[in-house]
Amino acid sequence: MKIGILGLGLIGGCLGFDLRSQGHYVLGVSRRQSTCEKAIHLGSVDQASLDLSLLVSAEVVFICTPIGLIVPQIKELITHLPKTTIITDVGSVKKPIVEAISPLWENFIGGHPMAGKTDVGIEAAQPHLFVNRPYVLTPIETTPSDGVIIVEEIVRSLGSIIYHCQPEQHDRAVAWISHLPVMVSASLIAACLSETDPEITKLAQNFASSGFQDTSRVGGGNPELGVMMAQYNRPALLHSLQQYRHSLDEFIHIIEQEKWEMLEEKFKFNQQSRPHFVE
Ligand code: NAP
């Protein structure tokens, strides 16, 4: 199959490697000539160009640009494509994208691979990023089932675990497990930097080990992605942040009151609950 990828960054680059290894012919379009050349050189795509018309012969096109560009770029792309082309995206937010594109392009299936890395760009792309990772598809009532089946087949071939839900349900769920953790982790780093004694800051930096590495990773990543998560999933993210603030207040209260048994109960409950999210 001829598959197009628009946006040859981390996710687009990773997709290219895996699709080519499945025997697909991959056409890539990106913003910079240097990225196109790197993508060909690294083996992520067969052909690459700055020109959207390269994608005219693709049967399926994956949109892998930053969230804020997905809608405007699909609007421009569809002026080049036959009506039969299936378009899917990988954006971390689904409701605003699906709502804007579905009336314009029948064969559009919202998608979101739940896999990533801190680094961005084609240089960070690697094969097998999506293996055993959830991949959410958000077709709506009017989405033709033929297109959904084709996208499912491709996603399954990446080794991903497919989930279906409504775009709004997707956005509410990822607010809890993806967007809230980014904001919490970013506030953690900011709080550590608020230490006023430079000697203590230096010591903390020297002592920081695996625990801080785990908890600060997602907050210390791509700033552009963090801003777009907040911009495009604002209501769901604000709801989860407010709930998190309530949870923090509870912890503060318990510690101030020295209610150690209650604190232990909370930790026990969390220890039992965590495996429901992370195996
Ligand atoms: P990325 O590494 O920064 O890649 C985005 C790529 O888009 C850039 O390499 C850039 O290519 C290209 N681009 C930017 N403007 C463009 C334009 N006007 N025309 C064509 N290409 C353009 O970011 P990413 O992490 O892959 O994220 C891409 C998408 O994946 C986002 O929508 C994000 O929500 C989603 N996503 C990300 C993750 C994650 O953890 N990173 C996980 C799941 C989904 P040039 O190099 O040519 O400038």
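Two strands pair if DSSP finds at least two bridges between them. I start there because strands of a sheet pair through backbone hydrogen bonds, either parallel or antiparallel. Helices (H or I, at least four residues) and strands (E, at least two) are DSSP runs, numbered from the N terminus.

This is a predicted model, in which local features need pLDDT of at least 70, side-chain atom pairs count only at pLDDT 80 or more, and totals for chains, interfaces and linings use all residues. Residues are numbered from 1 along each chain as its sequence is written, and side-chain values use heavy atoms, with hydrogens and water left out.

First, the overall picture. The chain has 11 helices and 9 strands. Its C-alpha atoms fill a box of roughly 65 × 40 × 30 Å, taken along the principal axes. There are 279 residues, and 40% of them count as buried. Buried means under 20% relative accessible area, exposed means over 50%, and partly exposed is in between, with a 1.4 Å probe and protein chains only. Contact means heavy atoms within 4.5 Å. Among contacts in the chain with a separation of 6 or more, 66% come from residues 24 or more positions apart.

Now the sheet of 6 strands. What is the order of its strands? The order in this open sheet is 3-2-1-4-5-6, and the pairing is parallel. Strand 3 (47–49) and strand 6 are at the edges with a single partner strand each, so one side of each has no neighbour in the sheet. Strand 5 and strand 6 are joined in the parallel sense by 2 bridges, and Thr-88 is opposite Ile-109 in strand 6. Helix 1 (residues 10–21) packs on this sheet and touches strand 1 (2–6), strand 2 (25–29) and strand 4. The direction of helix 1 makes about 170° with that of strand 1. For such values, axes are lines fitted to C-alpha atoms, for helices over the stretch in contact, and angles run from 0 to 180 degrees between N-to-C directions.

On the other side of strand 5, strand 4 runs parallel to strand 5, with 4 bridges between them. Here Val-60 has Ile-86 of strand 5 as its bridge partner. In a regular strand the side chains alternate between the two faces of the sheet. Strand 5 shows Ile-86 and Thr-88 pointing one way, Ile-87 and Asp-89 pointing the other way, and all are buried. Helix 5 (residues 145–157) lies across strand 1, strand 4, strand 5 and strand 6, at about 55° to strand 5.

Next, helix 3. Which residues of helix 3 (residues 67–77) are buried? They are Ile-67, Ile-70, Val-71, Ile-74 and Leu-77. These residues lie on the same side of helix 3 because they cover an arc of only 135° around the axis; the arc is that of the directions from the helix axis to the C-beta atoms. Their cover includes strand 4 (60–63), strand 5 (86–89), helix 4 (95–101), strand 6 (108–109) and helix 9 (223–232).

Pro-96 is in helix 4 and, at 30% relative accessibility, counts as partly exposed. Not counting residues up to four places away in sequence, Pro-96 touches Val-71, Asp-171 and Tyr-232.

The second sheet is also open, with 3 strands in the order 7-8-9 and mixed pairing. Strand 7 (111–113) and strand 9 (161–164) are its edges, each with a single partner strand, so each has one side without a neighbour in the sheet. From one strand to the next the twist averages 20°. Strand 7 and strand 8 (residues 134–137) run antiparallel and are joined by 3 bridges. The bridge partner of His-112 in strand 8 is Val-136.

The loop between strand 7 and strand 8 holds His-128. Most residues other than glycine have a negative phi, and most peptide bonds are trans. His-128 is not a glycine, yet has a positive phi of about 65°. His-128 is exposed, at 54% relative accessibility.

Last, a helix pair. The axes of helix 6 (residues 167–192) and helix 10 (residues 234–256) come within 9 Å and cross at roughly 60°. That makes helix 6 oblique to helix 10: angles under 35 degrees count as roughly parallel, over 145 as roughly antiparallel, 65 to 115 as roughly perpendicular and the rest as oblique. The contact includes Trp-176 of helix 6 and Tyr-244 of helix 10.
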